[in-house]
Amino acid sequence: MKINTTPLRIPLAIVLLALAYFTAPDAWIPHQWRVATYNWLGAASYRDAPTSKDYSLPDAEEICPPDALGWRDGQTIEGVLIEPAA
């Protein structure tokens, strides 16, 4: 017995296209289509931006600290000689 699936294809295609249209970002939809959609369904209501969180800058370290510990001595890394800093 063969089941005829042709009658299901058209409604399924319409549902999938509608789903893609209504879930796509606004920038992907042509302007005239968006205007028509807003005329049919109404525009989304305005939402205020969320309140910002308080932020304090962390304490900054010195950009070029004095070389008290000698961390700029010459060294060899993977066979490459790094000269000491002056």
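**Figure 1. Surroundings of Thr37 in the predicted model.** Thr37 is buried, its relative accessible area being 10%, which is under the 20% limit. The residue sits in helix H2. When neighbours within four places in sequence are left aside, Thr37 is in contact with Tyr21, Phe22 and Gly42. Of these partners, Tyr21 has a relative accessibility of 22% and therefore counts as partly exposed, while Phe22, at 52%, counts as exposed. Gly42 follows just after H2 and takes a positive phi of about 90°.

**Figure 2. Helix H2 and its residue Tyr38.** Helix H2 covers residues 31-41, and the number of buried residues among its 11 residues is 1, so the helix lies largely in the open. Thr37 of this helix is buried. Tyr38, also placed in helix H2, is partly exposed, with a relative accessible area of 36%. With neighbours within four places in sequence set aside, the contacts of Tyr38 are Asp26 and Ala43.

**Figure 3. Aromatic cluster of Tyr21, Phe22 and Trp33.** The count of aromatic pairs comes to 2. In one of them, Tyr21 and Phe22 meet edge-to-face, with 5.0 Å centre to centre and 80° between the planes. The pair of Tyr21 and Trp33 is tilted, at 6.2 Å centre to centre and 50° between the planes. Because Tyr21 belongs to helix H1 and Trp33 to helix H2, this pair ties together parts that are 12 residues apart in sequence. Ring pairs thus link Tyr21, Phe22 and Trp33 into a cluster. As for exposure, Tyr21 is partly exposed at 22% relative accessibility, whereas Phe22 is exposed at 52%. Tyr21 and Phe22 are also contacts of Thr37.

**Figure 4. Helix H1 and a nonpolar surface patch.** Helix H1 runs over residues 6-23 and includes Leu19. At 1.5 Å a residue, the 18 residues of H1 should span 26 Å, and the end C-alpha atoms are 26 Å apart, which agrees. The helix is hardly covered, with a count of 0 buried residues among its 18. Leu12, Leu16 and Leu19 form a nonpolar patch on the surface, and their accessible area together is about 300 Å². An α-helix has 3.6 residues a turn, so residues three or four places apart point the same way.

**Figure 5. The loop at Glu78, between strands E1 and E2.** Strand E1 spans residues 75-77 and strand E2 spans 80-82, with Glu78 in the loop between them. Phi of Glu78 is near 50°, which is a positive value in a residue other than glycine. With a relative accessibility of 82%, Glu78 counts as exposed. A positive phi is also found at Gly42, just after H2, where the angle is about 90°.

**Figure 6. The protein chain as a setting for the close-up views, with its 2 helices and 2 strands.** Along the sequence these elements follow the pattern α-α-β-β. Of the 86 residues of the chain, 2% count as buried. The accessible surface comes to about 8,900 Å², and 63% of this belongs to carbon and sulfur atoms. Both helices share in this exposure: H1 has 0 buried residues among its 18, and H2 has 1 among its 11.

Technical notes. Residues numbered from 1 in each chain as written. Predicted model: local features only at pLDDT ≥ 70, side-chain atom pairs only at ≥ 80, totals over all residues. Heavy atoms only, no water. Buried < 20%, exposed > 50% of the residue type's maximum accessible area, 1.4 Å probe, protein only. Helix = DSSP H or I, 4+ residues; strand = E, 2+ residues; numbered from the N terminus. Areas by Shrake-Rupley, 256 points an atom, 1.4 Å probe, with all protein chains shown as cover. Patch = residues over 30% accessible without salt bridge, like charges linked within 9 Å, V, L, I, M, F, W, Y side chains within 5 Å. Salt bridge = Lys/Arg side-chain N within 4 Å of Asp/Glu carboxyl O. Expected span 1.5 Å × (residues − 1). Phe/Tyr/Trp six-rings, centres within 6.5 Å; stacked < 30°, edge-to-face > 60°. Contact = heavy atoms within 4.5 Å.
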